[in-house]
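Hi everyone, thanks for coming. I'd like to walk you through a structure that will be new to most of you, so let's put it on the screen and take it piece by piece.

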Amino acid sequence: MSEPQHLISLKAALQQKRMPVYRSIIRWGWRLFFGGMALAALIFIGISLSAIPSFRELEDPSSAVASEVLGSNNEVLGRYFIENRVPVPYSELSPHLVSALISTEDERFREHCGIDGRAVMRVVVRTVLLQDHSAGGGSTITQQLAKMLYSDRDFEGMGSVEKMAKLIYIKLREWITAVKLERAYTKEEIIAMYLNQFNFINNAYGIHAAAEVYFNKSQKDLNIQESATLIGMLKNPSYYNPNRHPDRSIKRRWVVLSQMRKNEVLTEAQYDSLKVLPLGLQFKQVTFTDDKAPYLCDYLEKIVRDSLLELPECRRKDGSVYDIYRDGLKIYTTIDPVYQRHAEAAMQEQMKKLQSRFFQVWKGRDPWTFRSGDATDEEIQGRKESLWKLVREGERYEKTWPKFMDDVAEKFKSRYNFELRPVDMERMLAEEKKDGAIAKMLLDGVATTEQVTAYRRIMTSKEWTDAKAQYKALNAAVRKQYSQPVKMKVFTWNTSRMEKDTVMSPMDSLRYHRMFLQTGMLAVDPTTSEVKAWVGGVNFKYFQYDHIMTRRQVGSTFKPFIYATAIAQQGISPCFEVYDNPVTIPGRYMNFKHIADWTPKNSTGSYSGARLNLKEGLKNSVNTVSAFLMKQLGDTEPVRGLCEKLGIDSARQSNRRYLIPPGSPSICLGAADLTPFEMTGAYAAFANKGMYGVPFVIKRIEDKNGRVLYRSVPEEHAALAANANWVMLEMLQYNVKGAPGINTLKSQVGGKTGTTNDFTDGWFMGVTPRLVVGTWVGGEDRWIRFLNLGDGQGARMARPIFASFIGKLEKDPASGYDFNARFVRPPGDLGIETNCAAYESGLGPTGDEEEFSPDIYNDELDESSGKPKKPDDSFGDELEGG
């Protein structure tokens, strides 16, 4: 049936009426199309002109060059080269690597010109539109190389829109760079560059290093399955790390082998036989223990990489940050290699003897269960738990964790966006054992609010029971591993290599190494504030913790700051006399903040009642004299103020405790936790006329072309009046007059020993006109200590290192050390009487006539007899080395 004529006419009229609209839509459609094309072209041109490396830059990319740490004489002290990179040309690459790479990462590599259109469309359709995230990526090998060489993906602080815009911009840059790379290089060169450039982690930059680190062989000798393992890491080297996550690595290797089969590189039979083989790792970690100043180099690595190179003035002209591992920087330091060698030698000589004595003292005893004094059951349990904490931080535990905990951790990650760690499990178990444990952790600043919230959600989830069961199984497996004897190398003082082969369980090895006493020793030129030697421990290979920056209680080495404050503020003469009787500072006396009355005891536990001048009080570390001066000051703030001037941040807190507690008179006995770095800098002011200079170790940093990126500017200010400083210098010299080891030195020497409660820490701060040396000795755990003052005093543990070091410098003409230098007395009248005869004390000869007497009140007491004992620093000469 035909349509009525009037309807046909009506439709025709309507169509005629709409025609302009249709034409307008078509016109705007074409405008948008051509405009979009033009805009895209302009964007591409703009990016090409502004942000893409030139052909010249592409044809001469900067190869990775190790950065060097140089001594004051330009001798190389160490290198940073985790690019540990030996470039391998394509002709020398293992063909298995090339086949695996192309099969897995870019099947059409030899067909495209840098961008794979089919792969891009696959990503757009399947990944973006269909949300199929298993479809794979669209980046070619050339694009990935462009990303590694020239891309900066820093999205920190950006919103989602800004982040997306930058990501699109970066992708466009990478596409253009990839095309230019294809024009600048052959396909073979691109493959070689890519494999040489990739970071396989674990200090393995490039395929040459990766083959050595993971399989202990040259890359050209890699077999098919080993090549597949390394190529599998390209997707995510941390996630598919074969050393830490072997199960993940094997699964990823299956994918690579499957792709090689798909691309007819492998036959079905080869695939079936290879996929069941074990990883066959021969992991060999790259270390830098051969550096001539390893603790210093480790410290500088963090400072230079994380702080200095981030400064705007230390960046490249385009604003990018230098890479300490690949940009060939020269880090010029103040370290004198001759001083450094003598410092290391002096430390090793003393620590070997000291360790032998230590093992004798503890023979048949266990420091982790030994009870002395008022040790509580809780303290003993804490010692045992400390060992298990070390186990959890160890490599064996880290490698076993994925087998038991990966599934649980991934569930927590997906449901609660929380990365589970061993410490998190311990905290939640502690809460389950004792209600309120987590709240206390939050209050103490140990755990964050976000962590506590996650803990509570996890503990009420259905997965918590399974997590506990898996964690229990993990710990049981690790305990079994740690109890089984295995062949290993351990540290020893008895061989030239300082290690020996033995058989022991990992737990026994852990306990054995924790039994070694450690040291931190810093030498500073007081006239320039330059650090001349840096010894952070006894052996960097086995003990990598740097004790130059370790906070330990300083004991009597803090007392000179009390004396200096009293002398400077009150003009007290060093000849002023105090009775050695109990001194009580009442609670809240004057400006003190302690509540109960405080009456300190001498280390002997008794009072002599004798009249002692300040010189004798400081020399013998008499606590009553320090307490008397503290009471006279009526406040801790003057002392803390002096410490501030001496470079010690008295307002700083650690674990919510002040390093120098305000309002607490106990600081006069050394109740302060400071580092050898801080103490040495502070004592350097005594040798520098009361002027404090911030110790520094970096002179300047240059790039590989000689451009200065950073230069140290010495900072110095007055800390102590010249007259008070001179009085302190005389007292410090009086302290060590006639002391064994020091009495044979040609240098003018002053110093102060320090010994803390239970003989946990031994200190000696030594000053000469040209060198100030701070030395600490003790255990990494505070219960690793001697059991009596005769062995554990600062005069016995730390002072011999200083005496030996200075002695070696004096005997070595090559050191340039000036032992004839003398302290310079300020001109004019001091205004403080230092001649005790003139002071009319009537208590014996003056300082210049005084013979050496043992420090009977602290550092020189032989507890075994309860009598004063003159120290004998050769005590270890007859003992076997430890």
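Let's start inside, with Phe805. Setting aside residues up to four places away in sequence, Phe805 touches Tyr339, His342, Ala343, Ala346, Met521, Ala523, Ala533, Leu771 and Val773. I should say straight away that what you see is a predicted model.

Phe805 belongs to the largest nonpolar core, which has 106 residues. Which members of that core touch the most others? They are Leu420 and Phe805. Apart from this core lies another one, made of 59 residues, with Cys668, Phe686, Leu732 and Met765 among them.

Now let's step back to the whole chain. Of its 882 residues, 50% are buried. The chain has 29 helices and 22 strands. If we take the contacts with a separation of 6 or more, 72% of them are between residues 24 or more positions apart. As for the outside, the accessible surface is about 42100 Å², and carbon and sulfur atoms account for 52% of that.

While we are on the surface, please look at helix α1, which covers residues 5-51. Met37 sits in this helix. Together with Ile26, Trp30, Phe33 and Phe34, Met37 forms a nonpolar patch on the surface, and the five have about 580 Å² of accessible area together. Here is a piece of background that may help as you look at the helix. An α-helix has 3.6 residues a turn, so residues three or four places apart point the same way.

For a contrast, let's turn to helix α23, residues 623-633. How many of its 11 residues are buried? Eight are, so to speak, under cover, and the helix is described as mostly covered. Those buried residues are Asn623, Thr624, Val625, Ser626, Ala627, Leu629, Met630 and Leu633. What do they pack against? Their partners are α21 (559-570), β9 (577-579), α22 (614-619) and α24 (637-645). Right after α23 comes Gly634, with a positive phi near 70°.

Next, charges. A search of the whole structure finds 40 salt bridges, and I have picked a few to show you.

The first on my list joins the side chains of Lys187 and Glu182, at 3.1 Å from N to O. Both Lys187 and Glu182 are buried.

Then there is Arg421 with Asp424, whose side chains meet at 3.0 Å, N to O. Is Asp424 buried or exposed? Asp424 is buried, because its relative accessible area is 0%. Arg421 has 35% relative accessibility and therefore counts as partly exposed.

My next pair is Lys489 and Asp501, where the salt bridge is 2.8 Å, N to O. This pair links distant parts of the chain, 12 residues apart: Lys489 is in strand β4 (residues 486-491) and Asp501 is in strand β5 (residues 499-504). Lys489 counts as partly exposed because its relative accessibility is 42%. Asp501 has a relative accessible area of 56%, so Asp501 is exposed.

Salt bridges can also form a network here: Glu68, Arg79 and Lys330 are linked in that way.

I'd like to finish with two charged residues in helices. One is Arg392, in helix α14 (residues 377-392). Why does Arg392 count as buried? Because its relative accessibility is 15%, and the cut-off for buried is under 20%. Leaving out neighbours within four places in sequence, Arg392 is in contact with Glu385, Tyr397, Pro422, Glu426 and Tyr471. With Glu385 there is also a polar contact of 3.2 Å between the side chains. And look across to Val478: Arg392 and Val478 are 86 residues apart in sequence, but their C-alpha atoms are 9.1 Å apart in space.

The other is Glu105, in helix α3 (residues 95-105). Glu105 counts as buried too, because its relative accessibility is 17%. What does Glu105 contact, beyond its neighbours within four places in sequence? The list is Ser139, Ile141, Gln144, Leu234 and Arg252. With Gln144, the side chain of Glu105 makes a polar contact through the partner's side chain, at 3.2 Å.

That's my tour. Thanks for listening, and I'm happy to go back to any part of it.

Conventions. Residues numbered from 1 in each chain as written. Predicted model: local features only at pLDDT ≥ 70, side-chain atom pairs only at ≥ 80, totals over all residues. Heavy atoms only, no water. Patch = residues over 30% accessible without salt bridge, like charges linked within 9 Å, V, L, I, M, F, W, Y side chains within 5 Å. Areas by Shrake-Rupley, 256 points an atom, 1.4 Å probe, with all protein chains shown as cover. Salt bridge = Lys/Arg side-chain N within 4 Å of Asp/Glu carboxyl O. Helix = DSSP H or I, 4+ residues; strand = E, 2+ residues; numbered from the N terminus. Buried < 20%, exposed > 50% of the residue type's maximum accessible area, 1.4 Å probe, protein only. Polar contact = N/O pair within 3.5 Å; in protein donor to acceptor, adjacent residues only side chain to side chain. Contact = heavy atoms within 4.5 Å. Core = buried A, V, L, I, M, F, W, Y, C linked by side-chain atoms within 4.5 Å.
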